[in-house]
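Please open the model in your viewer and keep the selection tool at hand. The stops below are meant to be taken in order.

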Amino acid sequence: MTTPAAPAAPKGRLGNGQLRRQVAEYLDGHPGPCKTGEIAKALARSAGAVGNALTTLAGRGEADLVPGKPIRYQANSATAAAAAAIAPKAPLPPRPAPAPKPAAPAAPAPVPSPAPKPASSAAAVPVTRPNGQVYQPRSLADMPDVEALRRLRDAGVPALLYGPPGTGKTSLVEAAFPDLITVAGDGDTTAADLVGEYTQKPDGTFEFIYGPLIRAMQEGRVLFIDDATLISPAVLAVAYPAMDGRREITVKAHKGETITAADGFYICAGHNPGVHGAILTEALSSRFSVQVRVSTDYDLAHALKIDSRAIKAARDLAARQASGEIGWAPQLRELLAYAKVAAILGENAAIANLAGIAPEEDRDAVAEAVGKAFGRKPPAPLALGRQL
């Protein structure tokens with residue numbers, strides 16, 4: 001007898017974590033590896049949103065990524081608990097009637113005015129990055145974000161910046177630290193890419209060339225590990241002793257040499273939770289005492305004179321992404337690109353490009369939102385030839 005297909009989930013918006021619960025329920029009820037597209041079809045959700053949910057479940061140890069291709073996931077011993085852990089939000093109880101106000105005192109003592117807060121991100125002084133581009137600071141802990149990161153460095157508190165690609169994580173770090181050394185992480189990054197390795201000289205002899213981690217330690221500089229969660233945990237472990245109280249590492253490949261960090265040495269990292277394969281392990285997370293969510297600052301987008309209609313489309317799509325309806329929304333990078341394309345090729349081309357750069361599974365939804373924001377029919381992706 002054929003097993004009946006799972007009933008399609010309603011297409012309405014979901015609360016935080018609800019799509020993840022639905023995906024966990026599906027995995028728990030379907031033994032064996034399942035493809036992203038299969039689950040998306042059964043739940044009537046976009047493949048991008050379901051892919052994000054699967055990546056999160058695997059990162060939390062609540063599902064298993066099956067080795068090999070195509071990409072598949074399967075339930076494990078923690079999946080059933082994940083499916084039951086997130087319940088739909090209950091309606092808020094009615095507010096109680098306000099209590100009668102007490103009689104005012106005859107002569108109240110004067111209340112001192114609160115001290116003024118530091119300037120917000122809108123008033124912060126722009127910072128020029130090493131590549132010459134200008135970075136407009138945003139607010140973090142009631143101060144400009146670049147100042148907050150510099151204070152964390154002075155105190156030796158490692159920081160992890162996480163959020164979707166294109167929200168300005170790398171730009172922030174480059175603006176905060178002119179003495180930056182950057183490592184772009186991926187699945188092929190090795191320990192030698194961090195600590196160094198032997199290379200052959202023209203005369204045929206070999207010498208050890210220190211890697212970016214060692215150079216940052218010796219020179220008292222900042223090491224930014226971008227996309228750190230794409231690097232194998234076993235590889236990242238070589239940096240752990242440099243991040244704790246020891247502040248030193250042993251380079252086994254170079255005669256067991258011990259490297260001690262100079263004053264000023266600091267590590268920060270970037271993490272894109274929605275990128276496939278990006279898993280924040282408990283060991284890595286525990287090394288970063290401060291973890292900062294970086295998302296698109298729409299007030300900053302307005303301050304940069306980006307078309308308010310493009311910003312509205314991005315806001316609407318971000319809300320749908322957060323509810324699990326879609327898996328992608330334009331971030332600050334895409335909004336800045338829209339402004340550049342509009343200035344070079346015109347508004348129509350910029351609108352078409354904004355819709356066309358969306359992942360294929362979310363392109364129709366993005367085009368619809370963009371068209372609605374601009375008061376026109378959904379645009380087709382930018383293409384050669386006459387556009388009808």
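The tour goes from the whole chain to one sheet, then to salt bridges and a surface patch.

**The whole chain**

Begin with everything displayed, and bear in mind that this is a predicted model. If you colour by secondary structure, the chain shows 16 helices and 16 strands, and of its 388 residues 41% are buried. When contacts between residues at least 6 apart in sequence are considered, 65% of them join residues at least 24 apart. Switching to a surface view brings up an accessible surface of about 21,400 Å², with carbon and sulfur atoms contributing 56% of that area.

**The five-stranded sheet**

Next, select strands 9, 12, 15, 8 and 16, which in that order form an open sheet with parallel pairing. Strand 9 (180-184) and strand 16 (290-293) are at the edges, and because each has a single partner strand, one side of each is left without a neighbour in the sheet. Looking across the sheet, you will find that neighbouring strands are turned against each other by 20 degrees on average, direction ignored.

Now centre the view on strand 8, residues 159-162, which runs parallel to strand 16 and is joined to that strand by four bridges. Within this pairing, select Leu160, whose bridge partner in strand 16 is Gln291, and then Tyr162, whose bridge partner in strand 16 is Arg293. Strand 8 also pairs with strand 15, again in the parallel sense and over four bridges; here the residue to pick is Leu161, which has Gly270 of strand 15 as its bridge partner. While these residues are displayed, it may help to recall that side chains in a regular strand alternate between the two faces of the sheet.

Which helix lies across strand 8, strand 9, strand 12 and strand 15? Add residues 169-176 to the selection: this is helix 6, which lies across strand 8, strand 9, strand 12 (222-226) and strand 15 (266-271), and runs at about 145 degrees to strand 8.

**Salt bridges**

Hide the sheet and turn to charged side chains, for which a search of the whole structure finds 12 salt bridges. Select Arg138 and Asp145, whose side chains meet in a salt bridge with an N to O distance of 3.7 Å; are these two residues buried or exposed? Both Arg138 and Asp145 are buried.

Move on to Asp244 and Arg246, where the side chains form a salt bridge at 2.5 Å, N to O. Asp244 has 26% relative accessibility and therefore counts as partly exposed.

Then select Asp307 and Arg309, which form a salt bridge whose closest N and O atoms are 2.9 Å apart. Arg309 counts as partly exposed because its relative accessibility is 29%, and Asp307 is likewise partly exposed, with a relative accessible area of 22%. Extend the selection to Glu347 and Arg376, since salt bridges that share partners join Asp307, Arg309, Glu347 and Arg376 into one network.

**A nonpolar patch**

For the last stop, bring the surface back and select Ile344, Leu345 and Leu382, which make a nonpolar surface patch of about 340 Å². Leu382 is found in the segment after helix 16 (363-374), and with 46% relative accessibility this residue counts as partly exposed.

Key. Residues are numbered from 1 along each chain as its sequence is written. This is a predicted model: local features need pLDDT of at least 70, side-chain atom pairs count only at pLDDT 80 or more; totals for chains, interfaces and linings use all residues. Side-chain values use heavy atoms; hydrogens and water are left out. Helices (H or I, at least four residues) and strands (E, at least two) are DSSP runs, numbered from the N terminus. Buried means under 20% relative accessible area, exposed over 50%, partly exposed in between (1.4 Å probe, protein chains only). Contact means heavy atoms within 4.5 Å. Accessible areas come from the Shrake-Rupley method with a 1.4 Å probe; for residues, only the protein chains shown count as cover. Two strands pair if DSSP finds at least two bridges between them. Axes are lines fitted to C-alpha atoms, for helices over the stretch in contact, and angles run from 0 to 180 degrees between N-to-C directions. Patches are made of residues with over 30% relative accessible area and no salt bridge: like charges are joined within 9 Å, nonpolar side chains (Val, Leu, Ile, Met, Phe, Trp, Tyr) within 5 Å. A salt bridge is a side-chain nitrogen of Lys or Arg within 4 Å of a carboxyl oxygen of Asp or Glu.
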